[in-house]
Amino acid sequence: MILEIAITGVEITFWVCAVLAILGAIGLVTFKKSVHCALSLALVMISLAVIYASLGAPYLFAVQIIVYTGAILMLFLFVIMLVGVSAQDSLGEVVKGHRLAVGLAGVGVLALLVFAVLQGVTGTPIGIDGNANNIQGLAGLLFSRYVIAFEATAALLITAAVAAMVLAHPEQLKKKPGQTERAAARLEAFIRLGTHPGPKPNSGVFARHNSIATPALLPDGTVAPSSVSEVLASRVALPSVDELMAAHDDVLWALEGGDTYEIETDLGQEKTND
Amino acid sequence: MTSLYAVLAVILFTIGLVGFMVRRNALVIFMCIELMLNAANLLFVAFSSHHGILDGQMAAFFVMVVAAAEVVIGLSIIVMIYRARRTTSVDEEIVMKG
């Protein structure tokens with residue numbers, strides 16, 4: 001007896017994707033890290049998308065990949081990054097006999113659903129040609145028979161977007177301080193700690209350079225440490241006070257009527273000395 | 001052939017259900033719910049093809065939209081809980097306190 005086996009492309013697609021989907025689903029339940037769970041869920045969703053394509057639903061194939069795998073899973077991954085990637089779940093039991101009870105419930109639900117769903121498979125399959133006006137047909141249904149549901153969906157999405165913004169926004173515990181409050185706080189610090197209430201000196205003041213690595217000089221000729229960022233002070237060799245003061249003195253001398261030409265030659269000599 | 005798709009959908013649904021009951025990380029529980037929604041979608045599309053009408057595909061489309069909205073709300077609630085309690089495990093008693 002010769003068994004005539006006719007395997008169609010749809011069947012091959014089904015068997016490959018079904019195995020992948022079930023493996024992915026088992027991975028989702030058993031992996032300890034939530035990132036691995038999310039990736040196995042992606043495997044399930046992509047295999048389902050391929051099955052949709054083979055069932056004559058090219059539009060759902062695209063939507064499944066764009067919306068589910070693209071948007072929803074990426075959202076999951078964002079939240080996993082937010083709450084910590086490396087966190088591992090303990091899969092041990094908290095309640096005794098929990099696993100066994102869940103297993104029994106699973107088998108029961110599986111049997112029940114298989115029998116219930118197989119009751120619904122009646123008549124001969126007709127099939128849908130995915131190439132023939134799938135999107136036009138869906139659009140026709142969406143805007144005629146299902147137009148109310150479509151409008152409700154719009155309201156749902158708007159509500160969800162607003163709710164996400166409201167929920168994700170952190171509560172402002174204190175009122176944001178205005179100019180008056182900040183000025184009062186500065187004076188308070190001056191009275192209590194003696195902190196200078198005025199603006200801090202800029203870097204490069206009274207110096208020959210306006211580089212941020214050049215500290216400002218105070219009127220008494222010392223360096224104002226608050227004028228240079230702490231990071232720069234620890235990494236870059238800042239010019240010494242003498243060097244800065246020399247430049248300062250040159251400028252003062254020029255202002256008092258000295259010859260600018262000589263200063264420039266002085267500068268040139270400094271450079272050659274260096 | 002439709003029965004095979006139905007059985008696959010039921011298996012995926014059951015795995016999602018078992019994961020929902022076994023796992024304790026709120027994020028993974030949420031993914032299991034998504035798996036169950038996907039299984040239902042597969043059944044919709046399979047029966048749509050079986051009967052040769054597009055209404056099943058339409059239903060699957062609406063399920064996807066509702067799932068997207070649900071994920072947005074659910075994940076922001078999980079982020080809120082994480083911010084307040086520093087955990088996403090639903091078994092910690094600290095999550096249960098008001």
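These legends go with close-ups of a predicted model, covering the contact between chains A and B and one pocket. Local features need pLDDT of at least 70 and side-chain atom pairs 80 or more, while totals for chains, interfaces and linings use all residues. Residues count from 1 along each chain as written, chains are lettered from A in the order written, and side-chain values use heavy atoms, without hydrogens and water.

**View 1. Chain B against chain A.** Here 68 residues of chain B touch 83 of chain A (heavy atoms within 4.5 Å). About 6,600 Å² is buried between them, with carbon and sulfur atoms giving 79% (accessible area lost to a 1.4 Å probe, summed over both parts). Arg23(B), Met31(B) and Met64(B) supply 10% of what chain B buries, more than any other three residues.

**View 2. The salt bridge between the chains.** The count is just one: Asp55(B) pairs with Arg145(A), their closest N and O atoms 2.3 Å apart (cut-off: Lys or Arg side-chain nitrogen within 4 Å of an Asp or Glu carboxyl oxygen).

**View 3. The pocket ranked second by size.** The second largest pocket holds about 230 Å³, the space filled by probe spheres set on its grid points. Its lining has 17 residues, with Gln88(A), Asp89(A), Asn25(B), Thr88(B) and Ser89(B) nearest the centre. A pocket here is an open set of points on a 1 Å grid where a 1.4 Å probe fits, with protein on both sides within 12 Å along at least five of seven lines; lining residues have an atom within 4 Å of a point.

Methods. Buried area is the accessible area (1.4 Å probe) that two parts lose on being put together, summed over both.
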